[in-house]
Amino acid sequence: MHALNLDSTNRKEVRTRLACHQQLGAGTTVHSPEMLPQRIIRASALRNGVSAARRLPTIQRRCFLPHAYTDKKTIDEKYPEPPKLSEAEDPGMNGGYINPPRIKRQFRDPHGNWWDPQERRNFGEPIHEDNDTLGIFSPWEYTWTTTGPGLIMVGTFIAVFLSVTGVVYLNYPDLVAYPREFENGLQRELGGPGAVRARMDGDEAP
């Protein structure tokens, strides 16, 4: 009965709205008091979203980045295009950078009054574009010998090592013991035919 009462109430409400609609005309829409605030909120949010979408660039619309990271004019001021130099003006193809003399840091005076004693350089001193191979932590360059004497020393070491190995091989003593032999290789005791037997008389010497 309760469901029937609700159904009749809904029908009356629908008939009342249709009558009001017919009285006001086909172009007029009547909204309930509960629906009006929701429609106002939706329209306001839609209007704000459209206006924001018109103002912001695409990347800022998606990621909400600050204006300083999306404005093309600001980016061009911070990171200008490098100057285009001719081959004569830029023979090293490094943007016109003037390299200091190519001197490895290990060859600088370790007791000098450097601003950075570990890297052996002064404050504000320009560095070479190949600083990764000239710094103090780059591979150490050995200058205490040359290629010729170095090859002689390596060859001498190899010859001595092979000579000692050969002498030991020729004079190495035989075994002081000999493997024990069993009658019939203990075939029956170890499981019969097909089993792994022990050493027996006549087997090849180890």
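How many helices and how many strands does the chain have? Load the whole chain to begin: there are 6 helices and 0 strands, and along the sequence the pattern runs α-α-α-α-α-α. The model is predicted, and the tour starts with confidence before turning to details.

**Stop 1: the whole chain, coloured by pLDDT**

The average pLDDT of the chain is 77, and 68% of the residues reach at least 70. Among the elements, helix α6 has the highest mean pLDDT, 96, while helix α2 (residues 35-55) has the lowest, 54.

Select residues 1-6 next. Their pLDDT stays under 50, and the model gives them 0 contacts beyond four places in sequence. Then move to residues 24-34, where pLDDT also stays under 50. For that stretch the model has 5 contacts beyond four places in sequence.

**Stop 2: the surface**

Switch to a surface view. The accessible surface of the chain is about 18,400 Å², and carbon and sulfur atoms account for 61% of that area. Of the 206 residues in the chain, 10% are buried. Contacts can be viewed in the same way: taking those between residues at least 6 apart in sequence, 32% join residues at least 24 apart.

**Stop 3: residues 151-172 and helix α6**

Select residues 151-172. An unreviewed UniProt entry gives this span the feature "transmembrane region". In the model the span is 91% helix and 0% strand, and its end C-alpha atoms are 32 Å apart.

Now show the side chains of Val154, Phe157, Ile158, Phe161 and Leu162. Together these residues make a nonpolar surface patch of about 540 Å². Centre the view on Ile158, which sits in helix α6 (residues 147-170). Is Ile158 buried or exposed? Its relative accessible area is 43%, so Ile158 counts as partly exposed.

**Stop 4: a salt bridge in helix α4**

The salt bridge count for the chain is 6. For one of them, select Lys72 and Asp76, whose side chains meet with N and O 3.0 Å apart. Where do the two residues sit relative to each other? They are 4 residues apart in helix α4 (residues 72-78), so about one helical turn separates Asp76 from Lys72. Lys72 is exposed, at a relative accessible area of 60%, whereas Asp76 is partly exposed at 38%.

**Stop 5: Arg105 and Glu119**

Go on to Arg105 and Glu119. These two form a salt bridge in which the closest N and O atoms are 3.1 Å apart. Arg105 and Glu119 are 14 residues apart, and each lies in the loop between α4 and α5 (131-134). Both Arg105 and Glu119 are buried.

Keep this pair displayed and add Ile136, which is in the loop between α5 and α6. Which residues does Ile136 touch, leaving out those up to four places away in sequence? The residues touched are Arg105, Gln106, Gln118, Glu119 and Arg120, so both partners of the salt bridge are in the list. Ile136 has a relative accessible area of 15%; the cut-off for buried is under 20%, so Ile136 counts as buried. Add Lys104 and draw a C-alpha to C-alpha distance to Ile136: the two are 7.5 Å apart in space and 32 residues apart in sequence.

**Stop 6: the segment after α6**

Select Asn184 and Leu186. Asn184 is in the segment after α6, and Leu186 lies there too. What is there to see in the backbone of Asn184? Its phi is near 60 degrees, a positive value in a residue other than glycine. Leu186 likewise has a positive phi, near 55 degrees. Most residues other than glycine have a negative phi. As for cover, Asn184 is partly exposed at 45% relative accessibility, and Leu186 is partly exposed at 27%.

Finish with Arg197 and Asp203. Their side chains meet in a salt bridge, with N to O at 3.2 Å. Arg197 is partly exposed, with a relative accessible area of 38%. Asp203 is partly exposed as well, with a relative accessible area of 27%.

Note on methods
Residues are numbered from 1 along each chain as its sequence is written. This is a predicted model: local features need pLDDT of at least 70, side-chain atom pairs count only at pLDDT 80 or more; totals for chains, interfaces and linings use all residues. Side-chain values use heavy atoms; hydrogens and water are left out. UniProt positions are given in the numbering used here, feature names are shortened, and annotations may be inferred rather than shown by experiment. Patches are made of residues with over 30% relative accessible area and no salt bridge: like charges are joined within 9 Å, nonpolar side chains (Val, Leu, Ile, Met, Phe, Trp, Tyr) within 5 Å. Accessible areas come from the Shrake-Rupley method with a 1.4 Å probe; for residues, only the protein chains shown count as cover. A salt bridge is a side-chain nitrogen of Lys or Arg within 4 Å of a carboxyl oxygen of Asp or Glu. Buried means under 20% relative accessible area, exposed over 50%, partly exposed in between (1.4 Å probe, protein chains only). pLDDT is the predictor's confidence in each residue, from 0 to 100. Contact means heavy atoms within 4.5 Å.
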